[in-house]
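Biologist: Can we go through a few of the labels on this one? I'd like to hear the reasoning behind each.

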Amino acid sequence: MGSLWQALKKNRTKIWVGAITLLLVLYLVVSLQRSLLLLGDPSPVAKGIGAAYLVLPVIGAWALIRELLFGARTEQMAKVLESEGGLPVDNLPRTPGGRIVRAAADAEFEKYKAEAEAAPEDWRSWFRLSCAYDASGDRKRARASMRDAVKLFRSQPTAAGR
């Protein structure tokens, strides 16, 4: 029982992602079913609503697949960096509530920004810069930097073999 609990604890993020994905897929299937029912109605207004409602599952499925692929690629890059010993060390001071002290994160950020500027074609530097943005609280730039890292990672000839 102890090893099962450890496995669940270790993979809790993946379990939550799976549960939320399952709920979203269920919602998308129900939305698709409702839109098809509305399209089958003889009323032109119902057909119009059904056609408009049909767009939701398509956009939802696209967004879901995109985010799952983004997460998988990010995890793949993290594993490569971990095996190389290149993951940023999480040693920043924290508040009693567990948040990273912003001033320390901002000071650490400059190091990773300089690294990315010095090696703009290296996905590793963009990955670490993304982590620094995240630690500084800038989620929008963290995500953009990680997308740049993913793009560079995928463009490398060795990335296809992973």
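Modeller: Sure, and keep in mind that this is a predicted model. One cut-off to start with: buried means under 20% relative accessible area, exposed means over 50%, and partly exposed is in between.

Biologist: What makes Val30 partly exposed?

Modeller: Val30 has a relative accessible area of 35%, and partly exposed is the class between 20% and 50%, so that's the label Val30 gets. Val30 sits in helix α2 and, with Leu23 and Leu26, makes a nonpolar surface patch of about 280 Å².

Biologist: And why does Thr74 count as buried?

Modeller: Thr74 comes out at 18% relative accessibility, and buried means under 20%, so Thr74 counts as buried. Thr74 belongs to helix α3, and its contacts beyond four places in sequence are Phe127, Met146 and Val150.

Biologist: How many aromatic pairs are there?

Modeller: Two. In one of them, Phe109 and Tyr133 have ring centres 4.8 Å apart.

Biologist: Why is the Phe109 and Tyr133 pair called tilted?

Modeller: Their planes are at 50°; stacked needs under 30 degrees and edge-to-face over 60, so this pair is tilted. Phe109 is in helix α4 and Tyr133 in helix α5, so the pair ties together parts 24 residues apart in sequence.

Biologist: Then what makes Trp123 and Phe153 edge-to-face?

Modeller: Their planes are at 80°, and the cut-off is over 60, so edge-to-face it is. This pair links helix α5 to helix α6, 30 residues apart. Trp123 is buried at 0% relative accessibility, and Phe153 is buried at 2%.

Notes: Residues numbered from 1 in each chain as written. Predicted model: local features only at pLDDT ≥ 70, side-chain atom pairs only at ≥ 80, totals over all residues. Heavy atoms only, no water. Helix = DSSP H or I, 4+ residues; strand = E, 2+ residues; numbered from the N terminus. Buried < 20%, exposed > 50% of the residue type's maximum accessible area, 1.4 Å probe, protein only. Contact = heavy atoms within 4.5 Å. Patch = residues over 30% accessible without salt bridge, like charges linked within 9 Å, V, L, I, M, F, W, Y side chains within 5 Å. Areas by Shrake-Rupley, 256 points an atom, 1.4 Å probe, with all protein chains shown as cover. Salt bridge = Lys/Arg side-chain N within 4 Å of Asp/Glu carboxyl O. Phe/Tyr/Trp six-rings, centres within 6.5 Å; stacked < 30°, edge-to-face > 60°.
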